[in-house]
Amino acid sequence: MPEVKIEIGGRVFEVACQEGEEHYVHSAAAMLDVEASTLTNQIGRLPEPRMLLMAGLMLADKTAGVEDKLKTRDARIAELEGELARMSSMPKPEPERIEVPVVPASVSDSLAELAARAESIAGALEERRPTETSGT
């Protein structure tokens, strides 16, 4: 079992840990050291057991706050997943059928009127045109 040297609040400790967990021990010690340093800066030198106790309590308080936030977020995620499942199981809405004429009626009417006028003009021009005679 490996032994790891850690520093908390300016004091060095040797701690045994499982093989491969040295990194976790160093990380945990660093978090505890932050809290111990805060205490030392605010209060001054404390007896070792008291410093470790207070730093541990401060770290536990932060952890409890994080756990509360996680529970709240987990509940919200569960709520949203339930809503998503409910919405996914609902039948799909029928598509709306919207019919739009390709050419609006007013345009068709205007075009019909223009065509009638054009035919009328063409007819009038046909009547005025002199008839062609052959051979001249």
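Here are four short exercises on this predicted model, each with a worked solution.

**Exercise 1. The span of helix α2**

Check how the distance between the end C-alpha atoms of helix α2 compares with the span that 1.5 Å a residue should give.

*Solution.* Start with the extent of the helix: α2 covers residues 48-89, which makes 42 residues. The rule multiplies 1.5 Å by one less than the number of residues, so these 42 residues should span 62 Å. Now look at the model: the end C-alpha atoms of α2 are 60 Å apart, which agrees with the expected span.

**Exercise 2. The buried side of α2**

Find which residues of α2 are buried, and what they pack against.

*Solution.* Go for the burial cut-off, under 20% relative accessible area. The buried residues of α2 are M51, A55 and L59. Next, remember that an α-helix has 3.6 residues a turn, so residues three or four places apart point the same way. As for partners, the buried residues of α2 pack against β1 (3-8), β2 (11-16) and α1 (22-43).

One residue on the α1 side is worth a look. E35 lies in helix α1 and is buried, with a relative accessible area of 4%. Leaving out residues up to four places away in sequence, E35 touches A55, M58, L59 and K62. Two of the buried α2 residues, A55 and L59, turn up among those contacts.

**Exercise 3. A buried arginine in the hairpin**

Place R11 in its strand, then work out what surrounds its side chain and how far away the nearest side chain of opposite charge is.

*Solution.* Begin with the strands. β1 and β2 form a hairpin with 2 residues between them, and G9 in the turn has a positive phi of about 60°. The two strands run antiparallel, joined by 6 bridges. R11 sits in β2, with I8 standing opposite.

Now the charge. R11 is buried yet has no salt bridge: E48, the nearest side chain of opposite charge, is 4.7 Å away, while a salt bridge has to be within 4 Å. There is a polar partner, though: a polar atom of the R11 side chain lies 2.8 Å from the backbone oxygen of L46. Not counting residues up to four places away in sequence, R11 touches I6, R45, L46, P47, E48 and M51.

**Exercise 4. Two distant residues**

Say whether Q42 is buried or exposed, and how far its C-alpha atom is from that of A105.

*Solution.* Q42 belongs to helix α1. Its relative accessible area is 61%, so Q42 is exposed. Along the chain, Q42 and A105 are 63 residues apart, and their C-alpha atoms are separated by 85 Å.

Definitions and conventions. Residues are numbered from 1 along each chain as its sequence is written. This is a predicted model: local features need pLDDT of at least 70, side-chain atom pairs count only at pLDDT 80 or more; totals for chains, interfaces and linings use all residues. Side-chain values use heavy atoms; hydrogens and water are left out. Helices (H or I, at least four residues) and strands (E, at least two) are DSSP runs, numbered from the N terminus. Buried means under 20% relative accessible area, exposed over 50%, partly exposed in between (1.4 Å probe, protein chains only). Contact means heavy atoms within 4.5 Å. Lys and Arg count as positive and Asp and Glu as negative; His and the chain ends are not counted. A polar contact is a pair of N or O atoms within 3.5 Å; within protein, one must be able to donate a hydrogen and the other to accept it, and residues adjacent in sequence count only if both atoms are side-chain atoms. Two strands pair if DSSP finds at least two bridges between them.
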